[in-house]
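Visitor: I should like to take a close look at a single part of this protein, and then to see how it compares with other parts described in the same terms. Please show the sequence and the model.

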Amino acid sequence: MLFLLTDFCVSAQSVTPRTLTAKRTSGVVKIDGVLNDTAWKDAALMTDMIEFRPTVGRHEEYADRTEAYLMYNDEGIYFGGFCHERTKDSIATELKGRDGFGTNDYIGIIFDTYNDKLNGFEYFVTALGDQWDAKMNPPSFDADMEDFTWNAVWESKTVITDSGWSFEMFIPFSAIRFGKKDVQDWGFNITRRRRKTEQQNTWNPIDPNINGFLTQEGIWKGVSNIKPPIRLQFSPYLSFYANHYPYNTEGQKNWTNQVNGGMDLKYGINQAFTLDATLIPDFGQVQSDNQVLNLTPFEVKYNEYRPFFTEGTELFSKGNLFYSRRIGGSPLHEYDVYNDIDSNETVIKNPTESKLINATKISGRTQSGLGIGFLNAITEPTYAIVEDNSTKQQSKIQTDPLTNYNEIVLDQTLKHNSSVSFVNTSVLRSGPDYDANVSAALFELNDKKNTYNVGGKLAMSNLFNYLPDGKTQSGFDHELHFQKTSGNFNFLLSQERSDDKYNSNDLGYFTNNNYINHYLWMGYHWNKPKDWYNRINLNFNNNLSFLAKKIDPVSETYQSASFNVNANAQTKQLWYFGVFTGYSFPKNDFYEPRTTGWFFKRSPTIDWSTWFESNDSKKYTYNAQIFASNGTNEYKTFNMQLTLGQAMRFNNRLSVSLNVNYTPIWNDVGYTYIDGSTDINFAKRDVNTIENILSAKYNFSNKMGITFRARHYVSTVDNKEFYLLQHDGSLLPNPDFHPSANEDVNFFNIDMVYTWEFAPGSFINIAWKNATQYSTALLNTKYFENLHNTLDQNNNNNLSIKVIYFIDYYKITSNRRDKKSNQ
């Protein structure tokens, strides 16, 4: 949603789209950023771009005009042109590398090859030649519409002059999907953004009050007799790792090394469907997780950085049932091993991740609009190593069996940007462990004018051999929503219900079940620039939650209720700011006790927040946010979060940013673990968390650069008083004090990566990763002493080199044919 779809809502009236006749060329084009090849005379010309941000409907001025050309041949699509500017200084430029975004002027072309106004392919190039690309997906209640993790291999060049910048792009048919018809009409549009003025123009006009971007596309008419080439591409890799950790223990090496080899494969099964496979994958160079001290009853959800599970996975996000970190994640019995060993045994090694053997996915969409996705992954058995303290004999205990993960998605597009979908996920484990299966049916239906939407989901989960008697546990979940998406005023009303047996955790991110949640959102926006602002958004949110089924012996079913009002705006100086205020009613928290049949009565809170962001087209930018929550309870809980960020672009190549998050909570009340206690223990505590992230990047060119990221996180828990939870949800003071329940937790990571794309799709990556952590019950609330103590700990340092070489079977064979024909 970063470039095209931000702030879009829906509306109203349709406009006759512009039409461009598709022109074929037989000429030769050299992609060098200069449109001096005679073949460009065959291309169709596009001019007179129309602004949709900040002023809707304004024609671009002559001095800043855009001239763009489009044509095709048997191999692919050529898109080129010139973006005029008054002076060279009017062009915003920053080298960021592939999909690096940054503060850049750019131009892009979007193709809706099936002309269904739901699915599209986007290709962007900046004035300095950085490439971005993305897939556009059908809009849904729980998913973004632009997937910038999708990557294709295509060519582009740009040239900056005193009066603007020119560009040339070649998109081979292997980098796009389309139907089988001899003559096709594609939906398409082009867009140009000027960052110093934040003007964004398109060839076919865009109205921010109309639903989505593809619903307002133009037509590329008469694309004839095109066929995709053989789409068979290999990306073999070879990697070398050297790891140092100062064990300084006899029999334990401080230095270890590893050599890995494997391959990614991409095969076009037909014009519409593609098979992607990763064989013996290596994800050792991905960014380190942002680890935190988790005081909540729910699992921390981490971002996915492994390329195979981020690229082209838009279909698999349907229904919000797929959390890819489950694959190769924590072993099923990782912690059980400590209960299974004898008193004279010690766990020597207990892997925290299962090893992925291979993964495969098939995805695509037919001419009739049926999208099909299939994903399968296998992890090998995982074992803990246990040693007898007397004999020193070692043995293995299985903590995770051979496991197969699978997801199937069917998504049929309908008229008026509507769709119906079916999703099934399954986890099959060898041996006696339980298996899991979740199925869901989804629908999104829009009226003819694209003004109203109704949608929903019905899901069923089955855990086979899960119950003590070997029987299956089955559960159900549903969600329904109705929304008005037209004009300046919009609303969304939804309900979700989950019974107490529903569980999608084995291949999804799942926190809790047994609830009925009601949600109301209303919003009003002003998109027409006026006085001091370019646009203003005003929103109201309301939540109400109950248990779906009473939990004995508790008679309560009410969980929580809250409402808030927030507003945000962009000023004429391109600053953003917002304000927020809200109120949370008394809550019955059934999850904080960590024990079924208990709940904790939380008091009301009054919340407020304000934030701003400076004009990010400037070399120095900064932002700040402050959030406060004041508890109206006897404990006088007060929660605050202060976020400060700043970034400096020294030039087009070098930029540095620093983000600081400070979250103090005074008199927080929550569950605390007391070793050996059979009671449900709570504590009143001060929790202080500070996170610093320092990032830097230097790009030598748009194909080569270095990124650096250092993160230090510290969180301290200072317990003041202890309590015992009562059956009525209240707390009884506990005179016993437990200093061992205090916590001082630190995480420190460095990720530094040098990347060189030495050929299209081929990379050399050199990565250095440093990691250390420090935790103690001896409380220290001084930040710099915590940082010093953390850096004083043993650090794990990892240096790796990875070479990935892209091989396109079609290109190799066509080069051979060309050589033979020239002989």
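In which loop is the place of Asp-531?

Guide: The model is a predicted one. In it, Asp-531 is placed in the loop between strand 29 and strand 30. Its backbone deserves attention: phi of Asp-531 is near 50°, a positive value in a residue other than glycine. Most residues other than glycine have a negative phi, and most peptide bonds are trans. As for solvent, Asp-531 has a relative accessible area of 61% and is therefore exposed, the cut-off being over 50%.

The strands on either side of this loop can be given by number. Strand 29 covers residues 515-526, and strand 30 covers residues 533-546. Within strand 30 lies Asn-537. With a relative accessible area of 14%, Asn-537 is buried, whereas Asp-531 in the preceding loop is exposed. A distance places Asn-537 with respect to another part of the chain: its C-alpha atom and that of Phe-309 are separated by 34 Å, and the two residues are 228 residues apart along the chain.

A further positive phi is found at Asn-514, with a value of about 60° although the residue is not a glycine. Asn-514 belongs to the loop between strand 28 (489-498) and strand 29 (515-526). At 5% relative accessibility, Asn-514 counts as buried, while Asp-531 counts as exposed. Strand 29 thus borders both loops, that of Asn-514 and that of Asp-531.

Beyond strand 30 there is a loop that leads to strand 31 (558-571), and Pro-553 lies in it. The peptide bond that joins Asp-552 and Pro-553 is cis, with omega about 5°. A cis bond also occurs from Arg-53 to Pro-54, where omega is near 0°. Pro-54 lies in the loop between strand 3 (50-53) and strand 4.

Strand 4 leads to a sheet. Here 5 strands form an open sheet in the order 2-4-5-11-10, with antiparallel pairing. Strand 2 (44-46) and strand 10 (155-161) each have a single partner strand and stand at the edges, so one side of each is left without a neighbour in the sheet. From one strand to the next, the twist averages 15°. Strand 2 pairs with strand 4 (residues 66-72) over 3 bridges in the antiparallel sense, and Leu-45 stands opposite Tyr-69 in strand 4. Strand 4 also pairs with strand 5 (residues 76-84), again in the antiparallel sense, over 7 bridges. Met-71 has Tyr-78 in strand 5 as its bridge partner. These two strands, 4 and 5, form a hairpin with 3 residues between them. Strand 4 is mostly covered, as 5 of its 7 residues are buried.

At the edge strand 10, the residue to examine is Ser-156. Ser-156 counts as buried at 13% relative accessibility. Its side chain makes a polar contact of 2.9 Å with the side chain of Gln-131. Leaving aside neighbours within four places in sequence, the residues in contact with Ser-156 are Ile-31, Val-125, Gly-129, Gln-131, Glu-168 and Met-169.

Another hairpin is formed by strand 21 and strand 22, with 5 residues between them. Lys-392 in its turn has a positive phi of about 65°. The two strands, 21 (residues 382-388) and 22 (residues 394-400), pair in the antiparallel sense over 6 bridges, with Ile-385 opposite Lys-396 in strand 22. On strand 18 (residues 345-349), 4 bridges provide an antiparallel link to strand 21, and Val-347 stands opposite Val-386. Strand 21 is mostly covered, with 5 of its 7 residues buried.

Ring contacts complete the account. The structure holds 55 aromatic pairs. Among them, Phe-590 and Phe-599 have ring centres 5.6 Å apart and planes at 35°, so the pair is tilted; both residues are buried. One aromatic cluster is formed by Tyr-72, Phe-111, Phe-173, Phe-178, Trp-186 and Trp-220. Lysines are also placed over rings: the charged end of Lys-361 sits over the ring of Phe-308, 4.3 Å from its centre, and Lys-802 lies over the face of Tyr-237, at 4.8 Å from the ring centre.

How values were computed:
Residues are numbered from 1 along each chain as its sequence is written. This is a predicted model: local features need pLDDT of at least 70, side-chain atom pairs count only at pLDDT 80 or more; totals for chains, interfaces and linings use all residues. Side-chain values use heavy atoms; hydrogens and water are left out. Two strands pair if DSSP finds at least two bridges between them. Axes are lines fitted to C-alpha atoms, for helices over the stretch in contact, and angles run from 0 to 180 degrees between N-to-C directions. Buried means under 20% relative accessible area, exposed over 50%, partly exposed in between (1.4 Å probe, protein chains only). A polar contact is a pair of N or O atoms within 3.5 Å; within protein, one must be able to donate a hydrogen and the other to accept it, and residues adjacent in sequence count only if both atoms are side-chain atoms. Contact means heavy atoms within 4.5 Å. Rings of Phe, Tyr and Trp (its six-membered ring) pair if their centres lie within 6.5 Å; planes under 30 degrees apart count as stacked, over 60 as edge-to-face and the rest as tilted. A charge sits over a ring if NZ of Lys or CZ of Arg is within 6 Å of the ring centre and within 35 degrees of the ring normal.
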